[in-house]
Amino acid sequence: MTAVATGDQLADLLVLIKQSDSVELKLTVPEPHQRSTAVALGMDPLEAQMRQVVFFDTPDLDLDRHGVVVRARRVQGKGDDSVVKLRPVVPDTLPAKLRRSGSFRVEVDALPGGFVCSGTMKGALRPGEVRAALAGERSVRKLFSKEQRDFYAAHAPEGVALDDLSALGPIFVLKLRMAPPELDNRRLVAELWLYPDGSRVLELSTRCGTGEAFQVAAETRAFLARRGVDLSGEQQTKTRKALAYFAGQPA
């Protein structure tokens with residue numbers, strides 16, 4: 001859960017953080033170390049919240065190549081939701097009207113070896129709407145608000161409508177929130193993504209304000225190191241792995 005090393009990268013990161021709404025620090029744990037990490041952090045799977053995540057893209061991943069992510073979720077005990085995300089973004093080039101929207105958020109994701117700034121437009125849905133779309137009983141377009149559809153249209157490849165997209169997923173996810181006393185009860189989130197081929201991605205993350213990112217990164221890294229969590233493994237992104245897997249499957 002550190003950012004980057006070079007002077008140029010650090011300067012770029014500082015500028016992005018100042019222009020963003022929040023920072024999320026992330027670390028993915030290699031599969032051989034996931035079980036030991038769960039034990040070291042005292043994770044209780046029975047306390048985890050179940051989720052289903054589905055991405056939408058063309059079979060050739062045209063949206064991904066344009067930096068656009070379209071996603072919907074089913075969340076145990078809560079309503080469904082949907083997201084249209086653009087990454088990378090340069091915050092100070094975004095329209096003022098967009099930045100003022102209560103549904104839009106600019107966030108820096110920082111992980112060992114790199115960072116990216118993204119703009120996310122989120123929408124709330126009623127329970128059952130995502131499932132209906134996956135069953136073909138509801139159009140993909142209806143999972144997204146007018147604000148989200150406008151944001152999508154402004155950044156998606158020309159000629160690729162929401163209803164032209166294929167469902168990539170769903171993926172089963174377990175999400176567990178923790179508040180370790182050593183971190184002054186700061187929330188630490190673990191997400192375990194279970195892919196149909198049996199592979200897994202375990203991501204640890206914590207979100208913080210832009211003014212405390214470096215302090216939180218240092219404290220969280222030290223805490224994980226004391227618990228014996230591997231901080232040097234190759235990093236994977238949940239989204240990229242999901243898109244790569246499902247794009248290669250028959251319709």
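User: Where does the charged end of Lys241 sit?

Analyst: Over the ring of Tyr195, 5.1 Å from the ring's centre. Keep in mind that you're looking at a predicted model. To call a charge "over" a ring, check two things: NZ of Lys or CZ of Arg has to be within 6 Å of the ring centre, and within 35 degrees of the ring normal. Now follow Tyr195 a bit further: together with Phe55 and Trp193, Tyr195 forms one aromatic cluster.

User: How many aromatic pairs does the structure hold?

Analyst: Four. The pair of Tyr245 and Phe246 is a good one to practise on: the ring centres are 4.9 Å apart and the planes meet at 90°, so this is an edge-to-face pair. The reasoning rests on the angle, because planes over 60 degrees apart count as edge-to-face. While you're there, note that Phe246 is buried, with 14% relative accessible area.

User: On to charges. How many salt bridges does the count come to?

Analyst: The count comes to 16. The idea is simple: look for a side-chain nitrogen of Lys or Arg within 4 Å of a carboxyl oxygen of Asp or Glu. Take Arg240 and Asp64, whose closest N and O atoms are 3.2 Å apart. Arg240 belongs to helix H8 (residues 238-247) and Asp64 to helix H3 (residues 62-65), so this bridge ties together parts 176 residues apart in sequence. The two ends sit in unlike surroundings: Arg240 is partly exposed at 48% relative accessibility, whereas Asp64 is buried at 18%.

User: Which strands hold Asp81 and Lys122?

Analyst: Asp81 and Lys122 form a salt bridge, with 3.9 Å between the closest N and O atoms. Asp81 is in strand E4 (residues 81-86) and Lys122 in strand E6 (residues 114-124), so the link ties parts 41 residues apart in sequence. Asp81 is buried at 8%, and Lys122 is partly exposed at 43%.

User: What separates Lys146 and Asp150 in helix H6?

Analyst: About one helical turn, because they are four residues apart in helix H6 (residues 146-155). Their salt bridge has its closest N and O atoms at 2.9 Å. Lys146 is exposed at 56% relative accessibility, and Asp150 is partly exposed at 43%. Bridges can also chain up: shared partners join Glu24, Lys26, Glu107, Asp109 and Arg207 into one network.

User: What is the nearest side chain of opposite charge to Arg51?

Analyst: Glu191, at 4.9 Å; Arg51 is buried but has no salt bridge. With a case like this, look at what else surrounds the side chain. Arg51, in strand E2 (residues 49-57), has a 2.8 Å polar contact with the side chain of Gln49. Setting aside neighbours within four places in sequence, Arg51 has contacts that include Arg73, Arg74, Ile171, Phe172 and Lys175.

User: And Lys175: buried or exposed?

Analyst: Buried, again with no salt bridge, and the nearest opposite charge is on Glu191, 4.0 Å away. Lys175 is in strand E7 (residues 166-178). Beyond neighbours within four places in sequence, Lys175 is in contact with Ala48, Gln49, Arg51, Val189, Ala190 and Glu191.

User: Now the backbone. Which peptide bond has omega near 0°?

Analyst: Start with the general expectation: most peptide bonds are trans, and most residues other than glycine have a negative phi. Here, the bond from Arg87 to Pro88 is cis, with omega near 0°. Pro88 is in the loop between E4 and helix H4 (96-100). Gly169 and Pro170 are also joined by a cis bond, with omega about 10°, and Pro170 is in strand E7.

User: What is phi of Leu61 near?

Analyst: Near 60°, a positive value in a residue other than glycine. Leu61 is in the loop between E2 and H3 and is buried, at 15% relative accessible area. Asn185 has a positive phi as well, near 65°. Asn185 is in the loop between E7 and strand E8 (188-194), and this residue is exposed at 53%.

User: How is Ala110 placed, buried or exposed?

Analyst: Buried, at 4% relative accessibility, because buried means under 20%. Ala110 is in strand E5 (residues 104-111). You can also compare sequence with space: Ala110 and Arg74 are 36 residues apart along the chain, and 26 Å separates their C-alpha atoms.

Conventions: Residues are numbered from 1 along each chain as its sequence is written. This is a predicted model: local features need pLDDT of at least 70, side-chain atom pairs count only at pLDDT 80 or more; totals for chains, interfaces and linings use all residues. Side-chain values use heavy atoms; hydrogens and water are left out. Rings of Phe, Tyr and Trp (its six-membered ring) pair if their centres lie within 6.5 Å; planes under 30 degrees apart count as stacked, over 60 as edge-to-face and the rest as tilted. Buried means under 20% relative accessible area, exposed over 50%, partly exposed in between (1.4 Å probe, protein chains only). Helices (H or I, at least four residues) and strands (E, at least two) are DSSP runs, numbered from the N terminus. Lys and Arg count as positive and Asp and Glu as negative; His and the chain ends are not counted. A polar contact is a pair of N or O atoms within 3.5 Å; within protein, one must be able to donate a hydrogen and the other to accept it, and residues adjacent in sequence count only if both atoms are side-chain atoms. Contact means heavy atoms within 4.5 Å.
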